[in-house]
Amino acid sequence: MFKSLFEGNALLDLPVVTLLGFFAAFCGIVAWAFLRRRAADFDSVSQLPLADDDVAILPRSTERRASQD
Amino acid sequence: MTDTVALEKRRITYDDGTVRAFVFASVAWGLIGLLVGLLAALQLSFWQLNFDTPWLTFSRIRPLHTNAVIFALVGNMMFAGVYHSSQRLLKSRMASDLLSKIHLWSWQLVILGAAITLPLGITQSKEYAELEWFLDLLVVVSWVAFAVNFFWTLKIRNERNLYVAIWFYIATILTIAVLYIVNNLALPVTGTKSYGIFAGAQDALTQWWYGHNAVAFFLTTPILGIMYYYLPKAADRPVYSYRLSIIHFWALVFIYIWAGPHHLLYTALPDWAQSLGMLFSLMLWAPSWGGMLNGLLTLRGAWHKVRTDPVLKFFVAGVTFYGMSTFEGPLLSIKSVSALGHYTDWIIGHVHGGALGWNGFMAAGMFYWLVPRLFGTKLHSTGAADFHFWIGTFGILMYVVAMWVGGVTQGLMWRELNPDGSLVYPQWVEIIAQVKLMYMARTIGGGMYVLGWVLMIWNLWKTVASGKAVDGEAEVTVYKPAAGGPSTARLVFGAPTIMTVLGLGACYMMADSGNVVLAIVGVVVLLVIVAASGFMLAAAAKNRFQWHDVTESRPLAFTLLVVLAVVAGGVVELLPGIVMNREVPVAASGKLAVMPYTPLQLEGRDVYVSEGCYVCHSQMIRPFYEEYARYGAPSDIHESAWDHPFQWGSKRTGPDLARIGSYLETGQPKYNELWHYKHMTDPRSVSADSNMPGYPWLETTKVDLDDTPGKLQAMQALGVPYTDEQIGSALDDYRKEADGVLAKLREQAGPDDLAWDSELVALIAYLQRLGNNELVTRTAAAGGK
């Protein structure tokens, strides 16, 4: 009964096309997360919340060393 | 960050005053929201607690409870967490103290507005979007201040990498903006009343696209961001797998937005949309549990800390409740499970597992961690916090289990049939009686939770008193802007603002019902805006240091992807509704099978909306035999074609009302006018043991007839087929029909002093109209198993 409402509407190919596009994009991101970025990268980022204890913390480890002299 | 040249080290002070204010607001408004919830729970057991007072009546305060918990408790808590953690993760003070203040105070004004208007019956009747148009505008102002401030801070940040929490915040800000605006598009009729531009199935689809994603992007993603920041901090170790958190993020952004139709299973919504919603809901389970495990495994090797640290206790339990809710959600979206659980108290249990367990416990954990630090002191009492944890956990479990039992009982009793096909429990009050005990247990559980919250307030208060407000400081490397900071003019006329305005326009075009061309133009404009923003931002990034280049382009790419994912998913979900053929078939009589409401019925409908009857009554009969036996033929998509807003409802504390005016095969109203008169003024006078509140004031409150022609006009503008003559004669027609109702009441030996322009007359006319349509399905023996 409701199907007739949507029949012959070219716009409704859009959900399918978009859905496929989405899966492709999502798979791309997963692949990127696992393949392209080196784990070391993640390690430094995952330390961010721990490195900000409101006391003279500098943004990057190299600079922190530099500031110690 | 466009014209950075010099490099210098600088000591910065974070704006923690705003954080303290948001914490305070969350804790205080939260208590009010919880107490209102407790009253609402009690009212279902003791109808006397409605006090026959309009602004204390269940159907008006239940929306206040939900709005307060979502927007006041969780909203303010989220802002506190976002402001506190973002400044530290971005190593920058918030870009504009003024915007922070505007955001803070306008948000509190919205909440105050809600606390005043909802009990007054000023409501759009769309769940969690009840606030009327003037408050919606204020919400937009507040959110834009927040968004501009946040993205501006992002721009001037002093940390190249964006921690995953920031991603969650970005997704929250963008998505909520789109959701809120589209769902609240409305045509103001008077200073306090508007009609949403969507109607019927279209409105239902939009509303639950919003409702579902509000849960996703208001109650879930920002709190996940908070989890990814505060849990590692409290445990003093990095998140278990950063990689997993990335996947968690993208999976949620890509999948969540599609799952909305699971709120509309077995309704008159097209089948394919229902199936899509179910499919995506099931898919959601995987990333959600990935996120939960990521949170819990962060504590590997630190479980001994959980024993001694109340903060970690709350986080661990909160994340576990997240896991529970995200398992139960997909489960409930399976069609056969939904068939049993939908409209019952099971759903109430489900949302409270999420709201009290996930949101409330994450909030408590964050407050216990944050407040001592914001006041440079130690938590006053660890023991009291522990006690809060235990009494809260016990309270939630009691609440949830009571609602499971109650909900399943209701679902089973509704469908129980005798061998001859008749209902075993035709009387609604029998079913209420069965769950009375569960309602009491729920209230006790909820009460324990509130007690825990009060204990927390005391504990935090003592903590604050023992310290003194301190603002965090840090030394950071700053990239100095070449020519001063961004000016106000640049802020106002800057690309983000212009893009926002254009985007709003595009959303409006997209949503303009009935005009497909305009809708498509809107979609195109929206996509162009996204692309243009991308180009502009990428171009801006070119003028920077080499490494900044890379840095900047990454979050921008993220932001764009998020917008694309959300907009595209949303468009696909809403498009069918937008292009849907609204044409109502013509009946054998030559008239439209579903006629627009008469002026009297329309005013009655507005009373129904204003009183919030939808919180207890659905108007959507599902295609099951047992619903057919109880209510009549399944609802047809056309029957709500003229309903701005739709009243399908989501909870059946009382029976469905879709065919109350044309019952089963008789085609006659289920009750006469006098029954309704008595029932509305004192439900117990005709239905002993009912827990429905009385609405005696409807008898004396008058409909404001000055607005009636304007209301018809607004409806006409929205596509409801009223003729100009009908609008012209609206008041005469109103009077005539009202006199007819009064005549019937007198015939039935009812009152003879009821005023023709009382709200009650209009409401009765509306109720007697429900189901009186000439659709084919109405008479066909529909509703086979």
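This briefing walks through the aromatic rings and the cysteines of the structure above. Keep in mind that the model is predicted. Over all chains, the structure holds 49 aromatic pairs, while a search for disulfides across the whole structure comes back with 0. Let's look at some examples from chain B.

**Two ring pairs up close**

- Start with Phe79(B) and Trp107(B), an edge-to-face pair with 5.1 Å from centre to centre and 90° between the planes.
- This pair links distant parts of the chain: Phe79(B) belongs to helix H2 (residues 58-90) of chain B and Trp107(B) to helix H3 (residues 97-117) of chain B, with the two 28 residues apart.
- Are these two rings buried or exposed? Phe79(B) counts as buried because its relative accessibility is 0%, and Trp107(B) counts as buried too, at 3%.
- Next come Tyr128(B) and Trp208(B), which count as edge-to-face because their planes sit at 80°, with the ring centres 6.4 Å apart.
- Tyr128(B) is found in the loop between H3 and helix H4 (133-155) of chain B, and Trp208(B) in helix H6 (residues 200-217) of chain B, so this pair ties together parts 80 residues apart in sequence.
- Tyr128(B) has a relative accessibility of 18%, so it makes the cut as buried, where the limit is under 20%.
- Its partner Trp208(B) is buried as well, with a relative accessible area of 5%.

**A cluster of rings**

- Ring pairs can also join up into a group: in chain B, one cluster includes Phe22(B), Phe71(B), Tyr83(B), Trp143(B), Phe146(B) and Tyr169(B).
- Phe79(B) and Trp107(B), the pair you met above, belong to that cluster too.
- Other members of the cluster include Phe150(B), Phe151(B) and Phe218(B).

**Arginines over rings**

- Which residue lies over the face of Trp47(B)? That's Arg684(B), at 3.9 Å from the ring centre.
- Arg442(B) does something similar with Tyr439(B), lying over the face of that ring at 5.1 Å from its centre.

**Cysteines without a bond**

- A quick reminder: a disulfide is a covalent bond between the sulfur atoms of two cysteines.
- Cys613(B) is in no disulfide, and the nearest cysteine sulfur, which belongs to Cys616(B), is 8.7 Å away.
- Why doesn't this count as a disulfide? The sulfur atoms would have to be within 2.5 Å, and here they are 8.7 Å apart, so the pair doesn't qualify.
- Cys613(B) is buried, with a relative accessible area of 12%.
- Cys616(B) is in no disulfide either, and at 12% relative accessibility it also counts as buried.

How values were computed: Residues numbered from 1 in each chain as written. Chains lettered and ligands numbered in written order. Predicted model: local features only at pLDDT ≥ 70, side-chain atom pairs only at ≥ 80, totals over all residues. Heavy atoms only, no water. Phe/Tyr/Trp six-rings, centres within 6.5 Å; stacked < 30°, edge-to-face > 60°. Helix = DSSP H or I, 4+ residues; strand = E, 2+ residues; numbered from the N terminus. Buried < 20%, exposed > 50% of the residue type's maximum accessible area, 1.4 Å probe, protein only. Lys NZ or Arg CZ within 6 Å of the ring centre and 35° of its normal.
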